[in-house]
Amino acid sequence: MQYTDLVTAAAAFAAACPPSLIPQGVQDVNTLAGLMSFAITVGVWWQVRIVRLSFRTRARLPQLVDDLRQQRQMLEDLLKTSTPSPVNAQRALATTVALLGNALSVVPKRSKRCLKDARRAVMVAARELGMDGAARRKELAAAFAALCVVEVDLNQVSLDLQWE
């Protein structure tokens, strides 16, 4: 019983929707044009994304380099003291980790590895603050060295991105 109802409904639908008046070749061209438009849209979206990231890098990187330079200076001052204060060191290292994490989203791919290595070194130094003076000083020195490398690298990237 239901099979005949389905056949009847299909016949009624076919009668209500006659075959298209547009030739099949035109429909095929329309489908091909739609697919090509989609591909072009994806390509344009990708290029706009690259340009947007480039402008964000140009705008943010110089300020990040300045902020990292200040953090490096703070670490250098801590290393110059005979007994670095764990509270000041923790504050400086936490700020540095945050800045390096923020810089990861801004820098080009070629600098990300350097940034990740420096972030790892600073996190290790922050973890080792509870150790004795020599171990703490050693980890702070390693974090300072990594921060110096990042500062030079990001400064060079920033110079590369300057408008001419």
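**Note on the predicted model: core, buried glutamate, cysteines and pocket**

1. In this predicted model, the largest nonpolar core holds 31 residues, and those that touch the most other members are Leu68, Leu75, Leu93, Leu100, Leu115, Val150 and Leu154. Two or more residues of this core come from each of helix H2 (24-80), helix H3 (86-104), helix H4 (109-127) and helix H5 (133-161). As general background, nonpolar side chains tend to be buried together in soluble globular proteins.

2. Valine 150, one of the core residues named above, can serve as a way into the packing. Once its neighbours within four places in sequence are set aside, valine 150 is in contact with Leu68, Leu100, Cys114, Leu115 and Ala118.

3. Glutamate 151, which lies in helix H5, deserves a separate look. Is glutamate 151 buried or exposed? With a relative accessible area of 10%, glutamate 151 counts as buried, because that value falls under the 20% limit. Residues up to four places away in sequence not being counted, glutamate 151 touches Arg69 and Arg72, and the side chain of glutamate 151 makes a polar contact with the side chain of arginine 72, at 2.4 Å.

4. How many disulfides does the model contain? The count comes to zero. The cysteine sulfur closest to that of cysteine 114 belongs to cysteine 148 and is 11 Å away, so the two are too far apart for a bond; a disulfide would need the sulfur atoms to be within 2.5 Å. Cysteine 148 is likewise in no disulfide, its nearest cysteine sulfur being that of cysteine 114. Cysteine 148 is partly exposed, with a relative accessible area of 25%.

5. The largest pocket encloses about 370 Å³ of space. It is lined by 14 residues, of which Leu53, Thr57, Val107, Pro108 and Lys109 are the closest to its centre. The elements that give two or more residues to this lining are H2 and H4, and the largest share, seven residues, comes from H2.

6. Arginine 127, a residue of helix H4, is exposed, with a relative accessible area of 60%. Although arginine 127 and glutamate 139 stand twelve residues apart along the chain, their C-alpha atoms are separated by 9.2 Å.

Notes. Residues numbered from 1 in each chain as written. Predicted model: local features only at pLDDT ≥ 70, side-chain atom pairs only at ≥ 80, totals over all residues. Heavy atoms only, no water. Core = buried A, V, L, I, M, F, W, Y, C linked by side-chain atoms within 4.5 Å. Buried < 20%, exposed > 50% of the residue type's maximum accessible area, 1.4 Å probe, protein only. Helix = DSSP H or I, 4+ residues; strand = E, 2+ residues; numbered from the N terminus. Contact = heavy atoms within 4.5 Å. Polar contact = N/O pair within 3.5 Å; in protein donor to acceptor, adjacent residues only side chain to side chain. 1 Å grid on protein atoms, 1.4 Å probe; cavity = no way out; pocket = protein on both sides within 12 Å on 5 of 7 lines; lining within 4 Å. Points joined across faces, edges and corners; volume = space filled by probe spheres on them.
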